[in-house]
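Trainee: Could you take me through one part of this model up close? I'd like to start with the open spaces and then see what sits around them.

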Amino acid sequence: MAFPQPRPQAPQLPQHLLRTIECQQGAVRAVRFNADGNYVLTCGSDKSLKLWSASRGTLLKTYTGHGYEVLDVDSSYDNSQLCTCSSDKTVILWDVASGQVTRKLRGHAGKVNCVQFNEEATVMLSGSIDGTVRCWDTRSRRYEPIQILDEAQDGISSLKVSEHELLIGSVDGRVRRYDLRMGQLHVDFIGSPITCVCFSRDSQCTLSSSLDSTVRLLDKSSGEMLGEYSGHVNKGYKLDCCLSDKDTHVLSCSEDGHVYFWDLVEGSLTLKLPVGKAVVQSLSFHPTEPRLLTAMEGHVQVWGAEPEDAAVEDKL
């Protein structure tokens, strides 16, 4: 006699505030988990980058070297290096342990909005308001980029790397996907300026948010629209969107002080998470667990699926 399979558990959403981190670095322009989710990185308008413990919210290190506000950060897969970009038009490669600048790269003609390592951290990619993406070799001493991608007709707002593919969002209203192995460029026309792009965790879909207050899910290979998610406010700011750790939900920041969660398949609003009274500027979802980081003004909030027992945490 066969027993029915147990019903799959509904995915847990990070809706409990675990702690608030007072970053003390001006407005937090971007917040990111590192590669394994054990650390938090915050980019400040006071030109600093800070590294925090995700579990305790304690400051571990401050990195200074940019001449203007820091706009984005990425960590290498082995946590040994960081890369940042800034309104000062530069990209910096950092040594995590020493806090020293390994290399400071100039070449962009305007502020640099986004930066990412490739999977092996052998290349840094930076996207700028000047409309170019520049690829930098992290191991050579050369100060020129190894490649410049200049197909965009306006500023680059967001970029992501997945294996041999590069996803780029631009203010020209297009999402471009470069297949570096095949040497091909695929373009999806959205129409409204793109604020954020990302791949789904299974790399089959792309997600993009734009200034028409809409997040769109596209099939990567066909370009077919799989879902449209709206209800949030995104009209004037560069706000983040992402997928949850298991690709079950679409998330977006909003100018009304909330983070919106939609069911990926149904497109329905599942959760409207109240963060505060200002714009939720940035967010980052934990790579493997239902944990979320949000940034508002000078603070970062850490959210979990269930409240933590403070007493238990103190004993750890």
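Mentor: Here is a walk through the pockets first, then a few residues and the nonpolar core.

Keep in mind that this is a predicted model. Let's begin with the largest pocket, which has a volume of about 1100 Å³. It has 38 lining residues, and the ones closest to its centre are D74, Q116, K160, V161 and R201. Try clicking on those five to find the middle of the space.

Now, which strands build the wall? Strand 2 (28-33), strand 6, strand 10 (112-117), strand 14 (156-162), strand 18 (194-199), strand 22 (241-243) and strand 26 each bring at least two residues to the lining of the largest pocket. Strand 14 gives the most, with six residues. As for the chemistry, the lining of this pocket is a mix of 17 nonpolar, eleven polar and ten charged residues.

Next door in our list comes the second largest pocket, with a volume of about 460 Å³. Its lining has 23 residues, and K111, N113, Y237, K238 and Q281 lie nearest its centre. Strand 2, strand 14 and strand 18 each supply at least two residues here, and you have already met these three names in the lining of the largest pocket. For the second largest pocket, though, it is strand 2 that has the largest share, with three residues. By class, you'd find nine nonpolar, seven polar and seven charged residues in this lining.

Those were open spaces, so how many cavities of 30 Å³ or more does the count give? Just one turns up, and the largest cavity has a volume of about 30 Å³. Around it you'll find L167, R177, D188, T206, L218, D219 and K220. Sorted by class, that makes two nonpolar, one polar and four charged residues.

Let's zoom in on a single residue, D72. You'll find D72 in strand 6, which covers residues 70-75, and strand 6 is one of the strands that help line the largest pocket. Is D72 buried or exposed? D72 has a relative accessible area of 7%, and because buried means under 20%, D72 counts as buried. Look at what surrounds it: beyond its neighbours up to four places away in sequence, D72 touches A30, R32, C43, C83, T84, C85, N113, C114 and V115. With V115 there is a polar detail to spot: a polar atom of the D72 side chain lies 3.1 Å from the backbone nitrogen of V115.

From there, hop over to T90, in the loop between strand 7 (81-86) and strand 8 (91-95). Being in a loop doesn't leave T90 open here: T90 is buried, with a relative accessible area of 4%. Its side chain makes a polar contact of 2.6 Å with the side chain of D88. Setting aside neighbours within four places in sequence, T90 is also in contact with H66, T84, C85, K104, L105, R106 and V112. Notice that T84 and C85 are also touched by D72.

K89 sits in that loop between strand 7 and strand 8 too. K89 is partly exposed, at 40% relative accessibility. Its backbone has a quirk: K89 has a positive phi of about 75 degrees although it is not a glycine. A121 is another non-glycine residue with a positive phi, of about 60 degrees. You'll find A121 in the loop between strand 10 and strand 11 (123-128), where it counts as buried at 6% relative accessibility.

Last stop: the largest nonpolar core. This core has 18 residues, and L251, V259, F261, L273, L283 and L292 have the most contacts inside it. Strand 24 (258-263), strand 25 (269-274), strand 26 (282-285) and strand 27 (291-296) are the elements giving two or more residues to it. Strand 26 should ring a bell, since it also helps line the largest pocket.

Pick L273 and look around it. Beyond neighbours within four places in sequence, L273 is in contact with P14, Q15, G257, H258, V259, F261, L292 and W303. That brings us to Q15, in the segment before strand 1 (16-22). Q15 is partly exposed, at 40% relative accessibility. Again leaving out neighbours within four places in sequence, Q15 is in contact with L271, L273, W303 and G304. To finish, try Q15 and E266: they are 251 residues apart along the chain, and their C-alpha atoms are separated by 20 Å.

Methods: Residues numbered from 1 in each chain as written. Predicted model: local features only at pLDDT ≥ 70, side-chain atom pairs only at ≥ 80, totals over all residues. Heavy atoms only, no water. Helix = DSSP H or I, 4+ residues; strand = E, 2+ residues; numbered from the N terminus. Buried < 20%, exposed > 50% of the residue type's maximum accessible area, 1.4 Å probe, protein only. Polar contact = N/O pair within 3.5 Å; in protein donor to acceptor, adjacent residues only side chain to side chain. Contact = heavy atoms within 4.5 Å. 1 Å grid on protein atoms, 1.4 Å probe; cavity = no way out; pocket = protein on both sides within 12 Å on 5 of 7 lines; lining within 4 Å. Points joined across faces, edges and corners; volume = space filled by probe spheres on them. Nonpolar A, V, L, I, M, F, W, Y, C, P; charged D, E, K, R; others polar. Core = buried A, V, L, I, M, F, W, Y, C linked by side-chain atoms within 4.5 Å.
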